[in-house]
Amino acid sequence: MNITFSATHVIKRYGGVVALADGNLSVRSGEVLALMGANGSGKSTLSKIITGVVAPDAGQLLLDGQPIRFSSPQMARAHGIAAVYQELSLIPDLTVAENIWLAHEPTRLGRVDTRAITRRTTALLELFRGTIQPGLQPDTAVGDLPPDERQIVEILKTLAWEPRLIILDEATASLDTQQVNRLCELIADWKARDMAIVMVSHRMEEVFRLADRATVLRSGAYVGDVATAETSEAALVQMMIEGGVSPRQATTPNPGAIAVRAELDNIHTRTLHGVSLTINAGEILGLGGLGGQGQPDVLLALFGAIPYRGTISLDGAPVRFRHPHQAMQRRLAYVPGDRGREGLLANRSILENLQLPSWSRYGWFTRMRQAHADGEAVAKTLRLVRDSLRAPASSLSGGNAQKLVLGKWLLRDPNVLLLNDPTKGIDVGAKGEFYRLLTELRNQGVAIVLYSSDDDELLGLCDRVLVMRDGQISATLQGPTLTRTALVSASMSAAQAEVA
Amino acid sequence: MQRTLKRPNFAAWRQQSFVFALILLVLAVAVNVQLQPNFFKPSILSGNLRTYLPLMILAAGQTIVVLAGGIDLSVGATVSLANVVAVQTLGQNPSAGQIGLALLAGLAAGLAAGALNGLCVAYGRLQPIVTTFATSFVIGGAALAIMPSPGGFVPESLSAPYRSNPLAIPMTLWVAAALLGLWALVRQTRYRRYLYAVGSNPLAAYVTGVPVALIRLSSYMLSGLLAACAGIALMLSNSTGDALIGTTMTLDSIVAVVLGGTRLSGGHGGIAGSLIGVFVVGFMRSIISFANVPSWWQTLANSLIILIALAGPGLWALIRRRNV
């Protein structure tokens with residue numbers, strides 16, 4: 001079971017872009033290592049190299065003291081190294097059990113031993129029992145599972161390979177508090193059983209709770225190693241970003257007069273059960289609570305993207321959008337959290353992405369020069385880090401890609417901005433800039449509705465936070481009542497009530 | 001949290017996606033019986049069924065490719081190629097050894113055609129539709145070069161078993177049972193899981209350790225092999241070789257797969273449905289021939305089926321949008 005693993009001076013280029021300039025990492029049995037860095041710092045690339053998904057251009061990997069080169073993920077797994085991927089590696093058409101044992105099915109006489117598979121899968125699911133629904137069984141189709149349970153299946157799938165070194169790449173991002181706690185217990189158990197664990201995480205709290213040591217990368221290069229017991233959150237952040245963090249926006253009341261922009265009255269959808277709220281101009285309204293309480297549906301119903309029952313009024317008059325197009329004409333904008341799937345045309349240029357909702361403004365024979373100038377102006381406002389507006393959107397790092405998704409709506413000059421967990425998986429530095437942008441927009445009188453899974457974000461940015469539970473609003477926090485304790489207890493008390 | 005998990009049983013249900021094909025089958029049989037009162041008379045029924053046998057084998061191969069996320073537009077040409085290769089190798093008055101050689105040569109031709117497709121798609125990373133459309137001309141051209149005009153001779157001793165009805169059950173049903181039996185065996189192996197995994201999400205399958213390229217290659221090779229079987233079946237049924245015999249079968253095979261509930265984007269469906277789909281296609285053809293309408297109605301009907309199948313999920317989503 002014992003393992004020592006190290007990577008030294010690992011380099012990886014994609015075309016002209018250097019994803020990893022100098023990757024270094026070492027980990028051994030019974031140790032939890034946090035791999036940290038801002039987005040685009042090369043964390044994902046380094047973990048992909050360790051697990052054999054991509055081959056390094058240069059550098060050395062040492063496994064148990066011997067140089068090694070993985071040509072495929074299978075080979076890495078054969079040596080006991082496996083990763084829980086951030087982008088899910090599950091097959092929606094197969095069942096939970098089939099997914100977990102895919103490519104290493106126990107067989108008897110060439111036939112897949114389904115009984116053994118079911119038995120072992122049940123045992124694995126037992127690890128998370130209590131935090132998952134009883135309906136989650138070995139024969140449930142993965143396509144029918146909510147994101148948190150998919151993530152759990154993903155973790156169990158990796159565990160089924162019985163790795164000596166396990167890499168958790170943002171594995172907690174879509175889990176709720178109970179599930180995170182269970183995972184922490186499991187990690188402690190793995191550690192006690194001499195596994196080596198590498199965790200890639202943006203959540204400082206988890207890093208300090210679990211990791212023994214942190215390795216920090218910045219812009220593809222190794223910055224240093226620190227023992228978590230001997231450092232602080234601020235010091236780590238300092239290592240991760242040059243020039244320090246953009247400070248969180250302190251909430252100052254908006255000087256402008258507050259006018260009601262939109263009103264939702266008793267809205268029902270599949271996940272909402274009677275939600276009423278008002279959205280004010282020049283205000284950032286936060287939607288909080290545990291994941292999966294129906295928050296995104298508030299935004300989608302308002303944007304006309306899903307059917308609903310109830311009344312929505314805009315500027316005092318009732319409206320009923322049947323298609324996002326109609327909502328856009330009334331100057332609503334929706335920024336999805338899933339950048340890859342909903343937000344961007346990855347292989348089209350940055351300019352095309354920016355202008356996609358706005359082309360009609362440039363006439364039948366597109367006035368490209370004007371479009372380009374407007375695009376440049378927005379890119380400047382966004383402080384978009386890019387080569388040129390003609391570069392494909394896929395060349396941007398996560399944080400910049402998210403700015404682009406926001407930017408394409410800014411060109412349309414929206415007055416209601418709906419944000420669906422926009423900073424998920426973005427690093428601290430990029431978040432700071434994103435917050436600055438939102439605050440500017442708010443001060444210009446834009447009404448902003450922000451659903452976020454990050455409590456700090458809600459606390460630091462919002463004028464008012466609605467905590468949601470079971471498709472209803474369970475608490476409204478504002479001014480002096482908007483505190484971490486209030487937020488956590490409003491979302492947690494519900495969860496505890498359910499457990500009881 | 002009350003996210004009701006409603007679907008564990010659905011998963012099993014959705015595997016039975018050929019329910020729709022079964023309904024169509026019953027309808028088609030009913031209309032056939034109306035038009036042709038002696039439809040169920042054994043000699044007529046087995047004669048009818050026999051004409052579906054080659055398509056059945058072909059559709060089984062097409063299903064495997066579609067399940068793995070591809071499509072094979074060259075199956076018709078492969079049928080022709082295997083057909084003429086086998087007939088040419090037979091020659092006049094063949095010995096037993098030569099018969100064996102002819103069958104092997106036909107199968108090898110099919111396997112080679114499948115390997116050509118598979119190598120281009122799996123390792124050359126070319127688009128399946130474009131690739132197999134292009135190779136269909138290569139393969140079809142080769143068939144024409146081998147036998148420019150229909151001809152050849154097949155000894156009676158070889159084609160007689162094909163026309164027989166062992167145990168009074170039509171040969172077609174025996175072959176159907178054999179195909180289903182083989183598929184049932186495959187379903188118990190890793191291969192079937194790999195097939196569905198590759199068709200459903202190739203990237204996820206790759207990072208999990210599934211040999212994606214190999215699975216794709218093998219799906220096309222199986223399809224080529226089965227197309228060759230279909231070509232040999234046609235040789236036995238017609239007692240001649242014809243380099244254009246498979247041309248119209250490609251569309252039919254895809255229609256059968258679609259009707260059988262296999263998703264064209266891959267990862268979902270199965271061979272049982274496709275076999276039912278073949279019968280639906282066949283019975284529709286006899287309806288059209290009995291209804292005294294031009295034969296291009298069949299092509300029209302086939303194309304509409306594919307269009308509806310492609311549009312179906314979108315239409316369904318549109319309908320469901322209306323209600324909360």
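In this predicted model, Leu285(A) has Arg464(A) of strand 21 of chain A as its bridge partner. That pair belongs to the contact between strand 15 (residues 284-288) and strand 21 (residues 464-469) of chain A, which run parallel and are joined by 4 bridges. The points below describe the sheet that holds these two strands, then the surroundings of strand 9 of chain A, and finally the helices of chain B.

**The six-stranded sheet of chain A**

- Strands 15 and 21 of chain A are neighbours in an open sheet of 6 strands, whose order is 18-19-20-15-21-22 and whose pairing is mixed.
- The edges of this sheet are formed by strand 18 (332-335) and strand 22 (472-478) of chain A, each of which pairs on one side only.
- On average, and with direction ignored, neighbouring strands of this sheet are turned by 20 degrees against each other.

**Strand 9 of chain A and its surroundings**

- Strand 9 of chain A covers residues 165-169, and because 5 of its 5 residues are buried, the strand is largely enclosed by the rest of the structure.
- A residue counts as buried here if 20 or more other C-beta atoms lie within 10 Å of its own.
- Leu165(A), Ile167(A) and Asp169(A) point one way from strand 9 of chain A, while Ile166(A) and Leu168(A) point the other way; all are buried.

**The parallel partners of strand 9**

- Strand 6 (residues 81-84) of chain A runs parallel to strand 9 of chain A, and 4 bridges join the two.
- Within this pairing, Ala82(A) has Ile166(A) of strand 9 of chain A as its bridge partner.
- Strand 10 (residues 196-200) of chain A also runs parallel to strand 9 of chain A, with 5 bridges between them.
- Here the bridge partner of Leu168(A) is Met199(A), a residue of strand 10 of chain A.
- Between strand 9 and strand 10 of chain A, the chain passes through helix 6 (residues 177-192) of chain A, forming a right-handed β-α-β crossover.

**Chain B**

- Chain B contains 14 helices and 0 strands.
- Read from the N terminus on, the elements of chain B therefore follow the pattern α-α-α-α-α-α-α-α-α-α-α-α-α-α, given that helices and strands are numbered from that end.
- Among the 324 residues of chain B, 48% count as buried.
- Of the contacts in chain B with a separation of 6 or more, 80% are between residues 24 or more positions apart.

Definitions and conventions. Residues numbered from 1 in each chain as written. Chains lettered and ligands numbered in written order. Predicted model: local features only at pLDDT ≥ 70, side-chain atom pairs only at ≥ 80, totals over all residues. Buried ≥ 20, exposed ≤ 12 C-beta atoms within 10 Å, placed from the backbone. Pairing = 2+ DSSP bridges. Right-handed = clockwise from strand over helix to strand, strands pointing away. Contact = placed C-beta atoms within 7 Å. Axes fitted to C-alpha atoms, helices over the stretch in contact; angles between N-to-C directions.
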